[in-house]
Amino acid sequence: MKPLALVAATALLAPAAIAHADRREASVHVHAVGGPLSMEDDASTAGAGTGALAGLAVRASYATRNAWQYDTQLTLGYGRASFDAGQFLLGGGTPMTVPFTVSSQLARLDAGVTLRLGVRWIPTVRLAVGAQAVRRGSPVATAGGFEFTGDDTAPSSLSANLIGSATVGLDYRMSRRLIVGVALGATAAVPGVGDSWREATITVHAARYWYPRW
Amino acid sequence: MSMCTIRRNPRLDRPIPGPSPMEFAMHARSRGRRALLTLAAAAGLTAGFAVAAPAARAQGSQAQVILVDEGGSYEVLVHPDFVTVVYLPDKIEKALASDTQSYEVKPIGSTSLAIRPLKADAKPANLALSTASLKVSVVLKMAPTREHAMTQVTFKRADVEAELERRIAEKVKERTAALEAKVAAMQAQMDAELPKLADGLIAARILQRRELRTLNAIERNDDNVVVETTHVLYLGDDAFIVFDIENRNKAPYRLAKVAMQDGTRDAAGVVRFTSDAAETAGAGVIGVVRPGGHGKGVVVVRRAADLVGKPLTLVVTEPGDKGKVAVDRIVLR
């Protein structure tokens, strides 16, 4: 069993008696996100391209029970992927197959639930679903030492995906108000809805917790 | 002037200063009236005796009570500046002085004599006295200072005194038992009446106001102790605020103080707390919440109407003001 699956299974099977979280606590998190990226592009003739993603995210959460915390997260990111081969009409001539890169900016909004398993040291498991909008820049093709983009390759485009993500992490409560932590996450687009998108990220974050009154 | 009693030591045949049974009884009666109101009356009597005797001796003994079985010889210190009066229990039948030149002896009535040394350097002499019930020899001796001289010496029959003492002790015992029974009866009556009184007060307050409301104030400290106010019960003028302590720390939380602050003062009254901790609350501790456990408490706020609309803060602390948790924004309506 893979480590991620093991952690998830352990979390789901953990009895409620040992579950600890922060009932009635709300929080606001700020995340720095980074990691490898895999994406597809219509121009690619050699499958998905790979690259890296970096971004910032903010998350708001509220815990209704000691074990469960519900949250929503907005992520803004920038990624770039390289493709081994793509077919372009460079300069309006005959089609050429050349390597190319695509940069993209994304805005993602998801909603999730986090299982929290500690008090001071807090292992976490988060599952989320959401939607993301990706603006793909014009592919940059390289041929004969020259770079072609814009009208020479393809115009930039805007696409949307439905995504799902899973994250495991470890938080540390520094005080009654401040928690910091790290997490490993994987996000993938729902197949058949928009272009393929897969990313693995490592996240560091700081969060302020408090008890709201409403 | 103070008084002390001399009892004859049967082995040494010398008077021994100390409190008499009569004094015992007198102390017992005066102290007993107060002490008997409690169940510790007997202990109070004993303590009173032990304290009284040294005090009398310390002040100097110018009056003596001498208990005599049937007869004996007793030393009495005299001084030319004082007349020493000797009292006997019944009529003096014979009085013989060994030195009438140095000591003046005059009868005062049928049961007493007045003695005064005529010379400052009078040598010791004796005065033999005989009554129907006792025969004593009084050894007259010059006191080294005025303060040591006796001004009043009373001879009493020891058996008569013992009988008197016994009767007084018996009476005290009877009286003690009667008062203890009375106290017990009063206690029983109070035990029966107090619940009725409490029931009556509660009933009256229910008629005035009876309302349960939910509170949602919650806070924690850095040690992961979470305190939440869950409900407030309005009963008459008073508010009973229910709070819950969840101890998510690894050490027990020992609740020592509960305050309900309105910004200027502590409005908390009676506090009750319960939990499932095995550890019992020690001195200065209201209750204990085990690691990972919960405890529930109630704090009473009297005359809650004065605090309606004001933001209140529930503050709970451990001994030494440690582990403080302040739950603010509690508003009574």
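**Close-up views of chains A and B**

The accessible surface of chain B amounts to about 18,200 Å², with 55% of it belonging to carbon and sulfur atoms. The structure shown in these views is a predicted model, scored at ipTM 0.71 and pTM 0.62.

**View 1. Chain B as a whole, with its elements and its confidence.** Three helices and 22 strands make up the elements of chain B. Of its 333 residues, 41% count as buried. Among the contacts in chain B with a separation of 6 or more, 63% join residues 24 or more positions apart. The mean pLDDT of chain B is 82, and 82% of the residues score at least 70. Among the elements of this chain, the lowest mean pLDDT, 36, belongs to helix α2 (residues 41-58), whereas the highest, 95, belongs to strand β16 (residues 253-255). Over residues 1-60 of chain B the pLDDT is below 50; beyond near neighbours in sequence, this stretch nevertheless has 84 contacts in the model.

**View 2. The three-stranded open sheet β17-β21-β22 of chain B.** The three strands of this open sheet follow the order β17-β21-β22, and their pairing is antiparallel. At the edges stand β17 (257-261) and β22 (322-331) of chain B, each of which pairs on one side only. Neighbouring strands of the sheet are turned against each other by 15° on average, direction ignored. Between β17(B) and strand β21 (residues 311-318) of chain B, the antiparallel pairing extends over five bridges. Within this region, B:Gln261 stands opposite B:Thr313, a residue of β21(B).

**View 3. The four-stranded open sheet β4-β10-β9-β6 of chain B.** Four strands of chain B form an open sheet in the order β4-β10-β9-β6, and the pairing is mixed. The edge positions are taken by β4 (71-78) and β6 (92-97) of chain B; each has a single partner strand, so one side of each is left without a neighbour in the sheet. From one strand to the next, the twist averages 20°. The edge strand β6(B) pairs with strand β9 (residues 125-131) of chain B in the antiparallel sense, over five bridges. A bridge in this view joins B:Leu96 to its partner B:Ala128 in β9(B).

**View 4. Strand β11 of chain B and its pairing with β3 and β5.** Strand β3 (residues 63-68) of chain B pairs with strand β11 (residues 152-157) of chain B in the parallel sense, and six bridges connect them. For B:Gln64, the bridge partner in β11(B) is B:Val153. Strand β5 (residues 84-87) of chain B also pairs with β11(B) in the parallel sense, here over three bridges. In this second pairing, B:Tyr87 stands opposite B:Thr154 in β11(B).

**View 5. Chain A and the surroundings of A:Gln105.** Chain A contains one helix and ten strands, and along the sequence the helix precedes the strands. Of the 214 residues of chain A, 44% count as buried. Residues 24 or more positions apart supply 65% of the contacts in chain A with a separation of 6 or more. The accessible surface of this chain comes to about 10,400 Å², and carbon and sulfur atoms account for 67% of that area. The residue at the centre of the view, A:Gln105, lies in strand β4 (residues 96-116) of chain A. With a relative accessible area of 30%, A:Gln105 is partly exposed, because that value falls between the limits of 20% and 50%. The C-alpha atoms of A:Gln105 and A:Tyr78 are separated by 4.5 Å, although the two residues are 27 residues apart along the chain. Not counting residues up to four places away in sequence, A:Gln105 touches A:Gly77, A:Tyr78, A:Ala133, A:Val134 and A:Arg135.

**View 6. The contact between chain B and chain A.** The contact involves 16 residues from chain B and 17 residues from chain A. Together the two chains bury about 1,500 Å² between them, and 33% of this area lies on carbon and sulfur atoms. Of the area that chain B buries against chain A, 40% is supplied by B:Ile218, B:Arg220 and B:Arg248, more than by any other three residues.

Methods. Residues are numbered from 1 along each chain as its sequence is written. Chains are lettered from A and ligands numbered from 1 in the order in which they are written. This is a predicted model: local features need pLDDT of at least 70, side-chain atom pairs count only at pLDDT 80 or more; totals for chains, interfaces and linings use all residues. Side-chain values use heavy atoms; hydrogens and water are left out. Two strands pair if DSSP finds at least two bridges between them. Helices (H or I, at least four residues) and strands (E, at least two) are DSSP runs, numbered from the N terminus. Axes are lines fitted to C-alpha atoms, for helices over the stretch in contact, and angles run from 0 to 180 degrees between N-to-C directions. Buried means under 20% relative accessible area, exposed over 50%, partly exposed in between (1.4 Å probe, protein chains only). Contact means heavy atoms within 4.5 Å. Accessible areas come from the Shrake-Rupley method with a 1.4 Å probe; for residues, only the protein chains shown count as cover. pLDDT is the predictor's confidence in each residue, from 0 to 100. Buried area is the accessible area (1.4 Å probe) that two parts lose on being put together, summed over both.
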